[in-house]
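Biologist: Could you take me slowly through one part of this model, and then show me how that part sits among its surroundings? I am new to reading structures, so please connect each step to the one before.

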Amino acid sequence: MALRRISMAALAAVVAAMAATASAGEGDIKYRQKVMAAVGGHMGAMVTILKGQGGNKADIAGHAHAMAELAKISMHVFPKGSGPMDGKTRAKAEIWEKPDQFKAVTEAFVRESEMLAKVAKTGDMAAFGAQIGALGKNACGACHKPFREKE
Amino acid sequence: MSALAAGLALVISTAGARASGGVEQGAYILTAAGCVGCHTTPSDKKAGVLLAGGRALKTPFGVYYSPNITPDPEHGLGAWSEADFLTALRHGTSPRGEHYFPVFPYVSYTRISERDMRDLWAYLQTVPAVARSEPPHEVSLIFGSRFLAGLWKLIYFKPETLAIDPGKSPEWNRGAYLVEALGHCGECHTPRGMLGGFQTSKHLAGTNTGPDGDSAPNITPDSDTGIGRWSDDDLDTLFTLGMIPDGDFVGDGMGEVVENTAKLTPEDRRAMIVYLRSLPAIQNHIGKPKN
């Protein structure tokens, strides 16, 4: 009985170790790409609503809130070991080589998307459109230009 | 010029105009031609000081600093006549007959109508004068030689006005004028040869060695390597918000362009889109080589 328990425990430990070390970097890259796709999805959705082409104005606040949450999440999706040396990613090595500069743009992302969520609650569509532009320029563009490879 | 072409020409260059012309129209021309982008430093822009020059323009031939084009009589264009200004844009030549380096996009600006040049000049007189000269260019003797710039012009430049195509709609012609003259899109989006002349067979098909060392995408209608899969609405969203179809945003150089295209009339944006759609699709992949 004790022997079987120990074996099960040993097996579980081995499986856990395997899962942790099997291409951890690639898993982080995959996760990051999903997060960024979500960011792009919400952006596109909000602009569709903004242009009156579809969707529901009432849902803008939800999208903006999601953006603010994703911005916070995005601060943690660049762990060491998920760079260009570790797998197929457009993230540039500069992210880890220039941590202060990188931190500044992730903070800009959080700041601009929190502002977006705030403006979304007011219902002022003009201000909302302006803030989308600001978010795109000061966060998306400001990070992608120095820190992401061209396609 | 036939009466039809002359009539079209008037429509093309005044489309999007406010009725009064002159200074107000000149402000619009400034927007469409994107002068502020090259002639204003980022710090000046933050301070609300425009067109005082000094912006570093990095090219494969060195760094050129844009001149002060405010009406300051000593440091800017204050001593110029209107004719001097027309010559600069049409012929790429200074009032003293010196050749400008083609980082100043007279290869495109030469196609601007005389009326638009005059309105732009009228507007420039109203800009606050700034008493500051730009730094000297940081270029080698070769690429700093006005004489060699003149030779370059002989090979790669022809003063011209944009020919109207009477077989196409006024909207198409307006789009051609906005893209090829005022908007000078080709200056970034058309690949160049070693000496900086345009590879005209790949017009607007993008380049990996564009302004400031950045790439500029292929904006011909090719569905794989260009914008063929974009809808007209995608293009309008780009020109108003700077957003591209996957929800990402353009930055930097194109971001500055979008600040201007966002201020054009919807009809003018539509005209640009109509024109861009009509171009021959050129397969030219920009970016990392596909494995």
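**Helix 6 of chain A and its surroundings**

Modeller: Chain A has six helices and zero strands, and read from the N terminus its elements run α-α-α-α-α-α. Please keep in mind from the start that this is a predicted model. Of the 151 residues in chain A, 28% are buried. Among the contacts in chain A that join residues at least 6 apart in sequence, 67% join residues at least 24 apart.

The part I would like to look at closely is helix 6 of chain A, beginning with its contact with helix 5. Helix 5 covers residues 99-122 of chain A and helix 6 covers residues 125-147, and their axes come within 9 Å of each other and cross at roughly 165°. Angles over 145 degrees count as roughly antiparallel, and helix 5 and helix 6 of chain A are therefore roughly antiparallel to each other. The crossing of these two helices of chain A is left-handed.

Which residues of helix 5 of chain A meet helix 6 of chain A? From helix 5 of chain A they include A:Phe102, A:Val105, A:Ala108, A:Phe109, A:Glu112 and A:Leu116, while those in helix 6 of chain A include A:Ala127, A:Phe128, A:Gln131, A:Ile132, A:Leu135 and A:Phe147. By class, this contact between helix 5 and helix 6 of chain A has 17 nonpolar, four polar and one charged residues. As you follow the numbering, it may help to recall that an α-helix has 3.6 residues a turn, so residues three or four places apart point the same way.

Helix 6 of chain A also passes helix 2 of chain A, where the two axes come within 11 Å and cross at roughly 145°, and this crossing is left-handed. In this contact A:Met46, A:Val47 and A:Leu50 of helix 2 meet A:Met125, A:Phe128, A:Gly129 and A:Ile132 of helix 6. The residues of the contact between helix 2 and helix 6 of chain A divide into six nonpolar, one polar and no charged. If you compare the lists, you will find A:Phe128 and A:Ile132 of helix 6 among the residues that meet helix 5 of chain A and also among those that meet helix 2 of chain A.

From here we can turn to where chain A touches its partner. There, 18 residues of chain A are in contact with 15 residues of chain B. Helix 2, which covers 24-50, and helix 6 of chain A each supply at least two residues of the side of chain A that touches chain B, and helix 6 of chain A gives the most, with nine residues. By class, that side of chain A has six nonpolar, seven polar and five charged residues.

To complete the surroundings, let us look at some parts of chain B, starting with its own helix 2. Helix 2 of chain B has twelve residues and reaches 16 Å from its first C-alpha to its last, close to the 16 Å expected at 1.5 Å a residue. Its buried residues are B:Gln25, B:Gly26, B:Tyr28, B:Ile29, B:Leu30, B:Ala32 and B:Ala33, and these pack against helix 3, helix 7, helix 9 and helix 12 of chain B. Why does B:Gly26 count as buried? A residue needs 20 or more other C-beta atoms within 10 Å to be buried, and B:Gly26 counts as buried because it has 22 C-beta neighbours inside 10 Å. Leaving aside its neighbours within four places in sequence, B:Gly26 is in contact with B:Asp119, B:Leu120, B:Ala122 and B:Tyr123. Helix 2 of chain B is followed by B:Gly34, whose phi is positive, near 65°.

A positive phi value near 65° is also found at B:Leu51, a residue other than glycine, which is in the loop between helix 4 and strand 1 of chain B. B:Leu51 counts as buried, with 24 C-beta neighbours inside 10 Å. Likewise, phi of B:Leu204 is near 65°, and B:Leu204 lies in the loop between helix 10 and helix 11 of chain B. B:Leu204 is buried, with 26 other C-beta atoms within 10 Å.

Terms used. Residues numbered from 1 in each chain as written. Chains lettered and ligands numbered in written order. Predicted model: local features only at pLDDT ≥ 70, side-chain atom pairs only at ≥ 80, totals over all residues. Axes fitted to C-alpha atoms, helices over the stretch in contact; angles between N-to-C directions. Helix = DSSP H or I, 4+ residues; strand = E, 2+ residues; numbered from the N terminus. Parallel < 35°, antiparallel > 145°, perpendicular 65-115°, else oblique. Left-handed = near helix turned anticlockwise from the far one by under 90°. Contact = placed C-beta atoms within 7 Å. Nonpolar A, V, L, I, M, F, W, Y, C, P; charged D, E, K, R; others polar. Buried ≥ 20, exposed ≤ 12 C-beta atoms within 10 Å, placed from the backbone. Expected span 1.5 Å × (residues − 1).
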